[in-house]
Amino acid sequence: RSLPDDKMEVVVGCYEQMLLGFRLTDGDEDCKLEPTFTDNSHTGCVKAVASGGQVLASGSTDETIHLFDMQSRKELGTLVQHDGSITCLQFYSSSHMLSGAEDGTMCVWQAGTWECLKSMKGHKGGVSSLSVHPSGKLALSVGKDKTIRTWNLLTGRPAYTSNIKQVAEQIHWSPKGDMYAVVTGSKINIYRLETAGLQCTLDAGIRVLTMVYITNTVLGVAGEDKNIRIMNVETGTCTCDFQAHENRIKSLACVRDHRTGAREADVLMVSISSDSHIKVWALNTDQLEKAPTLVAQHNTTARLTALAVVPSPSIAPKPSTTKPAVEKRKLTELKDADQTAVKRKQKKQR
């Protein structure tokens, strides 16, 4: 299968404080992951990477979020609202971005102006994971305080708090928004929104470090061993279990297979591991009991930590009109600066 000219790009973050970009291209026999860029903006380990249209965001233990325009290949600026390591980032469409951090806060950002619209504090301890509902009206978050918090994104206020028995590491809405998955240790609890009840519990048998929705009812699950498991929410079973890497798997991402000749049921799953490799797998969602086909791989020689797939412009959401952003200081600092400017103006008028 050949690739269109506007190919998808895989971006990874690593312990070595870098972002590395790779484009999926045609090789002699198969596809290749060709290096496109290296970014050294961060001064700490990169913990989160997210893509919104043609904007890439990365968060780090250096407590900053860096923004990068994937089309012009230019840095857009730095966001410094948080007082702790950035743990999670997610775009809603290409209009808003949410960030979570070890300081227990979640921020809602307006893409384009990069203004912090809301700074939401609820968790007593760090925010581990967040997920925006497909409607954009709600978000879920989990933290070290053993709670699941539901946020009303229209008001920026907490709507509901649920106590859980263990610390949850991840939370994910299903693509249709009718269910959400909560990862705790080796278990994934699936809750149905309509009934607010537990649909099923999946047990991966190992500590889960990453999961991704392949379809609305099928998950890709991986973690502290070398395997990827394909798990079905409706039957509560594992339909396929295959070795993908030589070390623990840190992150998975799934996108529609955009290669020429791909069918609607075809998807590409990207995996990264502590073995330094990025791998791209082809799956047919009609035959998920079959092990995926390895399409491309690349040894980065880096200790990989975070992953985002930037879709090709033909299938990406329309990018927002983003102005180059100077460093966005904390809201209090901006208010102080505004007050100082007003006082200076008043003095001049006198």
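Is Arg23 buried, exposed or partly exposed? Select Arg23 in this predicted model and display its solvent-accessible surface: with a relative accessibility of 29%, Arg23 counts as partly exposed, because the partly exposed class lies between the limits of 20% and 50%.

Keep Arg23 on screen and add Glu9, whose side chain forms a salt bridge with that of Arg23, with 3.5 Å between the closest N and O atoms. This pair links distant parts of the chain, since Glu9 belongs to strand S1 (residues 9–14) and Arg23 to strand S2 (residues 19–26), with the two positions 14 residues apart in sequence. Colouring by accessibility brings out a contrast between the partners, as Glu9, at 3% relative accessibility, counts as buried, whereas Arg23, at 29%, is partly exposed.

Next, move to Asp178 and Arg192, whose side chains meet in a salt bridge with an N to O distance of 3.9 Å. Asp178 sits in the loop between strand S16 (170–173) and strand S17 (179–184), while Arg192 is part of strand S18 (residues 187–192), so this salt bridge ties together parts that are 14 residues apart in sequence. Asp178 is partly exposed, its relative accessible area being 26%, and Arg192 is likewise partly exposed, with a value of 24%.

Before leaving the charged pairs, go back to Glu9 and Arg23 and add Arg73 to the selection, for salt bridges with shared partners join Glu9, Arg23 and Arg73 into one network.

Then select Asp145 together with Arg149, where another salt bridge can be displayed, the N to O distance being 3.3 Å. Here Asp145 and Arg149 are both buried. To place these stops in context, a search of the whole structure finds 13 salt bridges.

For the last stop, turn from charged side chains to Val295, which is found in strand S27 (residues 293–299). Val295 has a relative accessible area of 5% and is buried, because a residue under 20% is placed in that class. Which residues should be shown around Val295, once its neighbours within four places in sequence are left aside? The contacts of Val295 are then Asp30, Cys31, Arg259, Leu268, Val280, Trp281 and Ala282, and selecting these residues as sticks displays the surroundings of this side chain. Finally, draw a distance between the C-alpha atoms of Val295 and Lys279, which should read 7.6 Å, although the two residues are 16 residues apart along the chain.

Definitions and conventions: Residues numbered from 1 in each chain as written. Predicted model: local features only at pLDDT ≥ 70, side-chain atom pairs only at ≥ 80, totals over all residues. Heavy atoms only, no water. Salt bridge = Lys/Arg side-chain N within 4 Å of Asp/Glu carboxyl O. Helix = DSSP H or I, 4+ residues; strand = E, 2+ residues; numbered from the N terminus. Buried < 20%, exposed > 50% of the residue type's maximum accessible area, 1.4 Å probe, protein only. Contact = heavy atoms within 4.5 Å.
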